[in-house]
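I opened my notebook to record a look at the ligand site and the pockets. The entries are in the order I made them.

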Amino acid sequence: MDEPSLVIEPLGPHHDRAAFLCGEPALDAYLRRQASQDIRRRVAQVFVALGHAPGKIDGYYSLSAASFEKDELPPALAKRLPHYPVPAAVLGRLAIDRGRQGRGLGEMLLLDAIRRVVRASTAIAVYAIFVDAKSERAQAFYERYGFRAFAGEPRRLFLPLETFEKLGL
Ligand SMILES: CC(C)(COP(=O)(O)OP(=O)(O)OC[C@H]1O[C@@H](n2cnc3c(N)ncnc32)[C@H](O)[C@@H]1OP(=O)(O)O)[C@@H](O)C(=O)NCCC(=O)NCCS
């Protein structure tokens with residue numbers, strides 16, 4: 001669905017975190033209690049989608065830098081990588097307010113997060129984005145956009161930036 005008035009910006013003190021409810025209490029609690037602290041401590045950047053009502057958060061996601069061992073990847077990908085840890089970005093959280101789900105916002109935020117990482121990767125190399133899907137349903141959502149499971153860890157998903165660029169999304 002087209003959301004022409006959607007604004008995606010860094011989380012700030014003027015955003016109303018208390019009203020956000022996505023159906024996963026841990027993701028609501030993160031936004032309320034942890035997100036600002038993570039930003040201050042430089043362990044995550046948190047972006048919010050606004051547009052529905054002034055100050056109201058329609059959705060959010062968080063991004064952090066990370067790395068993983070190439071042995072965690074399928075052998076066909078691992079054999080093309082060096083023996084030191086592979087640089088990555090982690091999509092720590094992604095959630096849409098319950099009243100705003102099913103309108104394409106999750107897709108818009110996911111694509112915004114991936115594109116942000118692609119832009120950052122021109123300065124700091126990033127091989128892949130990974131995410132820990134909270135549920136089977138969330139996993140199905142990510143798999144629609146080319147994310148695949150790590151070896152032996154069905155809920156831990158990764159998307160090489162190269163794959164994303166080939167998809168042309
Ligand atoms: C999962 C979530 C982010 C999806 O956001 P959304 O705005 O409802 O999804 P969208 O409207 O952008 O849907 C995009 C596409 O994914 C599909 N989709 C949406 N939720 C899905 C799910 N849980 N499983 C599989 N597919 C899903 C939609 O049908 C849509 O496809 P279509 O365009 O062919 O109809 C949202 O439902 C949410 O916040 N859920 C609770 C928190 C959560 O589970 N977050 C993930 C944490 S790992």
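What follows is my notes on the ligand, its shell and two pockets.

**Entry 1: the model.** I am working from a predicted model.

**Entry 2: the ligand shell.** I asked how many residues surround the ligand. I found 23. The closest are Ile96, Gly104, Gly106, Arg137 and Arg144. I then sorted the shell by class. It has 12 nonpolar, seven charged and four polar residues.

**Entry 3: where the shell comes from.** Next I looked up the elements behind the shell. Strand β4 (86-96) and the helices α3 (105-120) and α4 (136-143) each supply at least two of its residues. Which element gives the most to the shell? I noted α4, with five residues.

**Entry 4: polar contacts.** I went through the oxygen atoms of the ligand. A backbone N or O atom of Gly106 lies 2.8 Å from one ligand oxygen. I also listed Gly102, where a backbone N or O atom is 2.9 Å from an oxygen atom of the ligand. With Gln101 the side chain takes part: one of its N or O atoms is 3.5 Å from a ligand oxygen. I then checked the covered area. The ligand exposes 890 Å² when taken alone, and the protein buries 75% of that.

**Entry 5: the largest pocket.** Which pocket matches the space taken by the ligand? I found that this space is the largest pocket. I wrote down a volume of about 690 Å³ for the largest pocket. Its lining is made of 27 residues. Nearest its centre lie Leu94, Gln101, Arg137, Ala138 and Phe141. Gln101 is thus on two of my lists, as it also has the side-chain contact with the ligand.

**Entry 6: lining of the largest pocket.** I looked up the elements here too. At least two lining residues come from each of β4, α3, β5 (128-132) and α4. Strand β4 has the largest share, six residues. For the ligand shell I had noted α4 as giving the most. By class, I logged 13 nonpolar, eight charged and six polar residues in this lining.

**Entry 7: the second largest pocket.** I turned to the second largest pocket and noted about 320 Å³ of space. It is lined by 15 residues. Ser64, Ala65, Ala89, Val117 and Ala120 lie nearest its centre. The elements giving two or more residues to this lining are β2 (45-50), β3 (57-68), β4 and α3. Which of them has the largest share? I noted β3, with four residues. Sorted by class, this lining has 12 nonpolar, two polar and one charged residues.

Note on methods:
Residues are numbered from 1 along each chain as its sequence is written. This is a predicted model: local features need pLDDT of at least 70, side-chain atom pairs count only at pLDDT 80 or more; totals for chains, interfaces and linings use all residues. Side-chain values use heavy atoms; hydrogens and water are left out. A residue is near a molecule or strand if one of its heavy atoms lies within 4 Å of it. A polar contact is a pair of N or O atoms within 3.5 Å; within protein, one must be able to donate a hydrogen and the other to accept it, and residues adjacent in sequence count only if both atoms are side-chain atoms. Accessible areas come from the Shrake-Rupley method with a 1.4 Å probe; for residues, only the protein chains shown count as cover. On a 1 Å grid over the protein atoms alone, a cavity is a set of points where a 1.4 Å probe fits but cannot get out, and a pocket is an open set with protein on both sides within 12 Å along at least five of seven lines; lining residues have an atom within 4 Å of a point. A molecule sits in a cavity or pocket if more than half of its atoms lie within 2 Å of its grid points. Ala, Val, Leu, Ile, Met, Phe, Trp, Tyr, Cys and Pro count as nonpolar, Asp, Glu, Lys and Arg as charged, and the others, Gly among them, as polar. Grid points are joined across faces, edges and corners, and a volume is the space filled by probe spheres set on the points.
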